[in-house]
Amino acid sequence: MTIKPLIILPDPVLRQVSKPLEKVDSGVLKLADDMLETMYDAPGIGLAAIQVGEPLRLLVIDVAKEEEGKKPQVFINPEIVGLSDARSTYEEGCLSIPGYYAEVERPAAITVKYIDRDGKQQEIAAEGLLATCLQHEIDHLDGVLFIDHISRLKRDMVVKKFTKASKTGGLPKF
């Protein structure tokens, strides 16, 4: 497995809409494994393919607690098919926006249709952290970042800091 370089804000690649995968083959499975390795190394709990420069509708997640051991999940062509009216707020961060965290409100529970590693159609009902993580990563597939869910003032400040830092080759401090 290979740890891939992460795409960092303000790179315009993060705003691309990812394309559906036609089939699950060895290349897709290798990319998923590389993404898991990259996510664990970062460390993070979710990663979309676009964050490693691949505009494909593929994401990986592991929200297991440390004492539970790793429980990686791979979602190919995920699609939200149901949202609860109830809302929840989590402090979110992003491997493509390192060091910045903000409270984001999203639906508390969702239902997602996807294809698994074996090429089989699946559906998952998720709530809590998994629901938030799935929404965050599916947003990435649509070119949406978690900072798009916060106030314009805060978002503009974050983008400005990352744009300035990208010119000096560093990362901003928050």
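**Figure 1. Exposed and buried faces of helix α3.** On one side of α3, the residues R152, L153, K160, K164, K167 and T168 are exposed, opposite the buried side of this helix. The model shown here and in the following views is predicted. The buried residues of α3 are R155, V158, F162 and A165. These buried residues lie on the same side of α3 because they cover an arc of only 100° around the axis. Helix α3 is built from 17 residues, 152-168. From its first C-alpha to its last, the helix reaches 25 Å, close to the 24 Å expected at 1.5 Å a residue. G169 follows α3 and has a positive phi, near 80°.

**Figure 2. The largest pocket, with a volume of about 400 Å³.** Of the 20 residues that line this pocket, G44, I45, G93, C94 and Y101 are the closest to its centre. Two elements, β4 (87-92) and α2 (128-141), each give two or more residues to the lining. The largest share comes from α2, which supplies five residues. By class, the lining of the largest pocket comprises 11 nonpolar, six polar and three charged residues. Rolling a probe the size of a water molecule over the atoms shows where empty space is left.

**Figure 3. The second largest pocket, holding about 180 Å³ of space.** Its lining is formed by Y40, P43, G44, I45, D62, A64, K65, E66, G69 and K70. Four of these lining residues are nonpolar, two are polar and four are charged. G44 and I45, which belong to this lining, are also listed among the residues closest to the centre of the largest pocket.

**Figure 4. Two cis peptide bonds that precede proline residues, P10 and P43.** The peptide bond from L9 to P10 is cis, with omega near 15°. P10 is situated in the segment before α1 (26-41). The peptide bond from A42 to P43 is likewise cis, and its omega is near -10°. P43 occupies a place in the loop between α1 and β1 (46-48), and this proline also contributes to the lining of the second largest pocket. Most peptide bonds are trans.

**Figure 5. Positive phi at N77 in strand β3.** N77 belongs to strand β3, which covers residues 73-83. The phi of N77 is near 50°, a positive value in a residue other than glycine. Most residues other than glycine have a negative phi. With a relative accessible area of 19%, N77 falls under the 20% cut-off and is therefore buried.

**Figure 6. The surroundings of A125 in strand β7.** A125 is part of strand β7, residues 121-127. This alanine has a relative accessible area of 68%, over the 50% cut-off, and is therefore exposed. Leaving aside residues up to four places away in sequence, A125 touches I110 and T111. A125 and Y101 stand 24 residues apart in sequence, and their C-alpha atoms are 26 Å apart in space. Y101 is one of the residues closest to the centre of the largest pocket.

Methods: Residues numbered from 1 in each chain as written. Predicted model: local features only at pLDDT ≥ 70, side-chain atom pairs only at ≥ 80, totals over all residues. Heavy atoms only, no water. 1 Å grid on protein atoms, 1.4 Å probe; cavity = no way out; pocket = protein on both sides within 12 Å on 5 of 7 lines; lining within 4 Å. Points joined across faces, edges and corners; volume = space filled by probe spheres on them. Helix = DSSP H or I, 4+ residues; strand = E, 2+ residues; numbered from the N terminus. Nonpolar A, V, L, I, M, F, W, Y, C, P; charged D, E, K, R; others polar. Expected span 1.5 Å × (residues − 1). Buried < 20%, exposed > 50% of the residue type's maximum accessible area, 1.4 Å probe, protein only. Arc of directions from axis to C-beta. Contact = heavy atoms within 4.5 Å.
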